[in-house]
Amino acid sequence: MGSPEGRFHFSIDRGGTFTDVFAQCPGGHVRVLKLLSEDPANYGDAPTEGIRRILEQEGGVLLPRDRPLDTSRIASIRMGTTVATNALLERRGERVALLVTHGFRDLLHIGTQARQDLFDLAVPMPEVLYEEVLEVDERVVLYHREPGAGTPVKGRTGDLLEVQQPVDLGGLLGRVVGSRYIATVPHPRWAQHEQQVGALARELGFTHVSLSSEAMPMVRIVPRGHTACADAYLTPTIQRYVQGFRHGFQGQLKDVQVLFMRSDGGLAPMDTFSGSRAVLSGPAGGVVGYSATTYRAEGGQPVIGFDMGGTSTDVSRYAGEFEHVFEASTAGITLQAPQLDINTVAAGGGSRLFFRSGLFVVGPESAGAHPGPACYRKGGPVTVTDANLVLGRLLPASFPCIFGPGENQPLSPEASRKALEAVATEINSFLANGPCPASPLSLEEVAMGFVRVANEAMCRPIRALTQARGHDPSAHVLACFGGAGGQHACAIARALGMDTVHIHRHSGLLSALGLALADVVHEAQEPCSLPYAPETFVQLDQRLSRLEEQCVDVLRAQGFPRSQISTENFLHLRYQGTDCALMVSAHQHPATVRSPCSGDFGAAFVERYMREFGFVIPERPVVVDDVRVRGTGRSGLRLEDNPKAQTGPPRVDKMTQCYFEGGYQETPVYLLGELGYGHKLQGPCLIIDSNSTILVEPGCQAEVTETGDIRISVGAEAPSTVGARLDPIQLSIFSHRFMSIAEQMGRILQRTAISTNIKERLDFSCALFGPDGGLVSNAPHIPVHLGAMQETVQFQIQHLGTDLHPGDVLLSNHPSAGGSHLPDLTVITPVFWPGQTRPVFYVASRGHHADIGGITPGSMPPHSTMLQQEGAVFLSFKLVQGGVFQEEAVTEALRAPGKIPGCSGTRNLHDNLSDLRAQVAANQKGIQLVGELIGQYGLDVVQAYMGHIQANAELAVRDMLRAFGTSRQARGLPLEVSAEDHMDDGSPIRLRVQINLGQGSAVFDFSGTGPEVFGNLNAPRAITLSALIYCLRCLVGRDIPLNQGCLAPVRLVIPRGSILDPSPEAAVVGGNVLTSQRVVDVILGAFGACAASQ
């Protein structure tokens, strides 16, 4: 494995807590090392210290820490680092000035207004990265050939532009007060003004200037602006770290190849390593690691990467090529740069365990590295790690003695048991005195329950990565790495139907191994606005060829011969009139006579669009947003497989007791270093090495592969009986499953919809309902939809009675039928089950359609005075009847407003029909997923847990109301609160809330609210229900199931004929967006929870 020149190759992953070193040594062997990333009492820099220790151990010569290291024996150093990530999270970057076109100074401060948590009453405004803003007097617009227009110039995209005002450089940079670094954000099609400012800034001595046209030359000014700022903010921090790292070596590493991992999974020379490309530097190494090992070892079967750490778990997918995203948010900053598509869930070994209102809860709070889990002996809280320790799945003897205040003690199982016993006491008290008295749980049953809930939480992002994108999770191999993943791998794979788990022999430091296997990458990209059509193919080929030459030249300058350089061309394509662009490569689609010479990008786009979204739009032109070339220099570093030969049966190091479903079982313990190729181990057993513990569960079999890795064949789980009686562990699992169904319905709707409103603005909601139409789970998409769809479903049940049959799908938007406003079309599918005469549950999706007719385009008229002016109306319409989509009838209904004087029918029928089909498809996905749930547990159990989950939400709201009432009583205040606010026309919204402390219930009385108005600020009753359920969820202040149970402790009084319960034909389009906000303000004001509009 060593290099032929007899020198060392170091690959180092510098994480937030630990630094992993993977060294390929002369002579063909490997050394691995794990050390603390921060240990100022012993060393200044962890990567330098790791290299020093290995050189010292291999050479047998003492190397003092205070002297620079000799580099004569070092061939290369590759590093992934969290320096940029930590600087961004902790806001420890450099002082930056932002230069932006006059009039846009607050653009990045305003941002996208996206909220991380829909129910957080104190929404933190992400801090901007710049310290000061300078507005630049300049103006560039598209050339319109109008009289008096100036001379046109050609922009970077090929468009003709008019420079209405050249950039004014006079005294511009003299206004920069304290910043040493500059970020500029100009027009994406015209970079000359930005380049002029950049040249002047460098001339005046600014030490780093980030031009957005160089940092990321793409359209979309807000993420491009954030990217330029992040680049200026973080790059100097990275460069300072690199300089410090260099000083630890003789000659400052002049003759050593030093490469850093970028967020896109490629390596870059340290001199060109920039902040905006470094945020996922650490996790990217792990993806490269399993893609280069597991994918190849498993014969090209798609792989799910499962990296479970202390505070979170990262999941990703590899099926022959890296899956990239080009826009992602980190620490409130949206970066526009190629990044590996890595999904993170806040569930890891350090995730805290709670019991709340009858529900087992794991995370998202974490114990962190300090104080850490309870077993660390520093007074930390109970965590997933403690649960595994109590179950015997972790052995204290296999951990170093680095715990306790003096960092010299072993893990403490006693501390774990004590911390978990406190939670178990709370659980058993609830079971004894709760609504469904049950037998107490043992400490092990409690621990096992939390582990199962944690597993289900980690399955959710994997389902999102597979099922929601049209992939079958059971067709994948689970590649498990990270310190904590080995204890959960079998259970995760089993829950997802996977039959193989692959754990690399260096799984504890796979990110460092990935660095050793990664390639050097250089990318070139520029914006474009050409149509993808035969008349532009020559231009596209020319632009791609120019970028390809640029990539090849850069890689050759780094020492790669042309034979080791490959390039891949991409076009960023979208259908005209949509915002959903896909970055597509034509490497599997060779050129034809009707494509560019670089490949048939059109066929690649259509194929991927169909796979991702389930439809294509053949009549729409395709537009090219960007051209991109990715050049790769093959590093030549490859692992040589030196498997240890099998010598007799595997030796059992010791026997221990591990707890599984059903009780403790004798469990043999094996040492990974003693196992050889061909050894087979029956579960249950533990396989231990210095960096991780692997649990092979009962019914599974582990085998050592020819490369020394562990492949686990996952057997079917022993059938366990789940009854309809309430079990708090199963309740938590069902809570995740129900919510996952609503979330996946939402992803299908987003994927298959065509309109910008649904696909990009995400103005939709999906939900699951019980047989009575009561809400069971609602993915938190749009607040004004929450709870309102329940009214719609229950109206249809009462209205249609027995006239509901298999194959029927209903459409409704009328305010008196539970609608919000007319553009919000609700599609409802009743679900029948063999042997049942009535629907056993319902699924529904509500989406905002951009136009359904009415007096103005967009169907949001500002001056409507009656409902019929606002568009097409559906009270109870069978969109699908007997399995047949009623296109002709729904088309007629959508065009019907055109018969009313002054009104028009829908102005975008094609998008209406496409989005309605997408809503039907989303409902169908929900039916499939609930059908799988019923197939697994039985109809009676699933329906019972629908009821239990509603009762749990009810309990949480009752607890909140009691706590609020008790707090007021303790202060001598009455149990009645009130609030009042007014609309702009003076209409009052009055609320009086009476708390019943004994029952934990309340009456919300809106008597005294103003009457229905002649305009469109009337809000249907369903709007007030939505506002109420939203406020109750916010007041609870933590994650609870969002369902009908939230409203069970509440009686709502709304006077008929008021602005909150208008007549059936009243105009309502403004009430959905304006009056709803006032209702929320009044409810939160009554509880003293939040000031109006905050």
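Helices here are DSSP runs of H or I with at least four residues, numbered from the N terminus. The model being toured is predicted.

**Stop 1: helix α21.** Select residues 1021-1036, which make up α21. The helix has 16 residues and reaches 23 Å from its first C-alpha to its last, close to the 22 Å expected at 1.5 Å a residue. Show the surroundings as well: 15 of the 16 residues of α21 are buried, so the helix is largely enclosed by the rest of the structure. Then step to G1037, which follows α21 and has a positive phi, near 80°.

**Stop 2: an open sheet.** Select β29, β30, β32 and β33; these four strands form an open sheet in that order, with mixed pairing. At the edges stand β29 (654-660) and β33 (693-696), each with a single partner strand, so one side of each has no neighbour in the sheet. Direction ignored, neighbouring strands of this sheet are turned by 30° against each other on average.

Narrow the selection to β29 and β30 (residues 663-671), which run antiparallel and are joined by seven bridges. Within this pair, T656 stands opposite T667 in β30.

**Stop 3: cysteines.** How many disulfides does the structure hold? The count is zero. Select C459 and C480 to check one case: the sulfur of C459 has its closest cysteine sulfur in C480, 12 Å away, which is too far for a bond, because a disulfide requires two cysteine sulfur atoms within 2.5 Å. C459 is also buried, at 0% relative accessibility. Finish at C375, another buried residue, with a relative accessible area of 0%.

Note on methods:
Residues are numbered from 1 along each chain as its sequence is written. This is a predicted model: local features need pLDDT of at least 70, side-chain atom pairs count only at pLDDT 80 or more; totals for chains, interfaces and linings use all residues. Side-chain values use heavy atoms; hydrogens and water are left out. Buried means under 20% relative accessible area, exposed over 50%, partly exposed in between (1.4 Å probe, protein chains only). Two strands pair if DSSP finds at least two bridges between them. Helices (H or I, at least four residues) and strands (E, at least two) are DSSP runs, numbered from the N terminus. Axes are lines fitted to C-alpha atoms, for helices over the stretch in contact, and angles run from 0 to 180 degrees between N-to-C directions. The expected span of a helix is 1.5 Å times one less than its number of residues.
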